[in-house]
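Trainee: Could we go through this structure together? I would like to begin with the charged side chains.

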Amino acid sequence: MRKSALIIGVFFTIIGLSQRQNLIHISFEAEWEGKKLEDKLQFFGKDSIQITEFRFYVSNFVFERDGTGFLEQDSYHLIDLFVKTNFEVQFPPNFPFDTLEFYLGIDSLTNVDGVIGGDMDPTLGMYWTWQSGYINLKLEGKSIQSPKPKHDFQFHLGGYLPPFLAAQKIRLPANSNQIRIGFDLKKFFEKLDIQKTPTIMSPGKESVNLSKHAAECFYIK
């Protein structure tokens, strides 16, 4: 990803791929107190929360150690906790790393470039408009705390224009070719007041604040 490399290259020495390559397998899981999110309409906790949709973008993957980093090219992936939860990264051999860095969401430069195919195809339902850009995270479901008629909640988080830049950088310890990343659903909902705010559907302060909280819910399993 050319523009991302320009940004990250300021901080890291970026190395390229040789003809010999390894594969790093990265997978994502969401859990609530050890219970894995596998099927739609699961109930969690005393609030009887049902998750009907949970998708998010992760991008700009850098594997780093001691100031040297390998940047995945064309680095953006759509994770759907009910459909697609993993992908592989082509990786140079004999390159040690101890830190994984990536973004929750799509960076501003990529949003400005306009729509792209593959995981970023607008028909996948993760794109607002050229003015608002991509939806970084989409979480929908039902909660008895929601004041809406059918007790729905909808959180569509994004925004790439100042002052509402929603993409969040995440740094995690990692040194294996099998990387499992968890998302703590309970921690995410503990910070929410669904009764007060059952819906966020556009860029803004609430979207940025909840995006920051979502980034804190990722961890290495």
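Trainee: How many salt bridges are there?

Mentor: The count comes to 11 salt bridges in this predicted model.

Trainee: Which residue forms a salt bridge with E29, and how far apart are the closest N and O atoms?

Mentor: The partner of E29 is K221, with the closest N and O atoms 3.5 Å apart. E29 lies in strand β2 (residues 22-32) and K221 in the segment after β15 (218-220), so this pair ties together parts that are 192 residues apart in sequence.

Trainee: Is E29 buried or exposed? And what about K221?

Mentor: E29 counts as buried, because its relative accessibility is 13%, under the 20% limit. K221 has 32% and therefore counts as partly exposed.

Trainee: Which residues are linked with E29 and K221 in a network of salt bridges?

Mentor: E31 and R180 are linked with E29 and K221 in that network.

Trainee: Which residue does R55 meet in a salt bridge?

Mentor: The side chain of R55 meets that of E53, at 2.8 Å from N to O. R55 counts as buried at 10% relative accessibility, and E53 counts as buried at 19%.

Trainee: What is the situation for D66 and R65?

Mentor: D66 and R65 form a salt bridge, and their closest N and O atoms are 3.8 Å apart. D66 is exposed, with a relative accessible area of 68%, while R65 is partly exposed, at 38%.

Trainee: Let us turn to the nonpolar side. Which residues touch the most other members of the largest nonpolar core?

Mentor: That core has 48 residues, and those touching the most other members are I26, F28, I51, F54, F56, F63 and F189. Strand β5 (residues 49-65) supplies the largest share of this core, seven residues.

Trainee: What is F63 in contact with, leaving aside its neighbours within four places in sequence?

Mentor: The contacts of F63 beyond those neighbours include I24, I26, F70, V89, F91, F95, F97, L100 and I179. T68, G69 and T99 are also among them. Apart from the largest core lies another, of nine residues, including Y57, I106, Y134 and I135.

Trainee: And the aromatic rings: how many pairs does a search of the whole structure find?

Mentor: The search finds 24 aromatic pairs. One of interest is F61 with F102: the ring centres are 4.9 Å apart and the planes are at 10 degrees, so the pair is stacked. F61 lies in strand β5 and F102 in strand β9, so the two rings tie together parts that are 41 residues apart in sequence. F61 counts as buried at 0% relative accessibility, and F102 is buried with a relative accessible area of 0%.

Trainee: Which strand does β9 pair with, and in what sense?

Mentor: Strand β9 (residues 99-104) pairs with β12 in the antiparallel sense, over six bridges. Q168 in β12 is the bridge partner of L104.

Trainee: Which side chains of β12 are buried, and which are not?

Mentor: In strand β12 (residues 168-173), Q168, I170 and L172 point to one face and are buried. K169, R171 and P173 point to the other face and are not buried. In a regular strand, side chains alternate between the two faces of the sheet.

Trainee: Finally, what does the secondary structure of the protein come to, and what share of its residues counts as buried?

Mentor: The protein has four helices and 15 strands. Of its 221 residues, 50% count as buried. The exposed area is about 11,000 Å², of which carbon and sulfur atoms supply 51%.

Terms used
Residues numbered from 1 in each chain as written. Predicted model: local features only at pLDDT ≥ 70, side-chain atom pairs only at ≥ 80, totals over all residues. Heavy atoms only, no water. Buried < 20%, exposed > 50% of the residue type's maximum accessible area, 1.4 Å probe, protein only. Helix = DSSP H or I, 4+ residues; strand = E, 2+ residues; numbered from the N terminus. Pairing = 2+ DSSP bridges. Core = buried A, V, L, I, M, F, W, Y, C linked by side-chain atoms within 4.5 Å. Contact = heavy atoms within 4.5 Å. Salt bridge = Lys/Arg side-chain N within 4 Å of Asp/Glu carboxyl O. Areas by Shrake-Rupley, 256 points an atom, 1.4 Å probe, with all protein chains shown as cover. Phe/Tyr/Trp six-rings, centres within 6.5 Å; stacked < 30°, edge-to-face > 60°.
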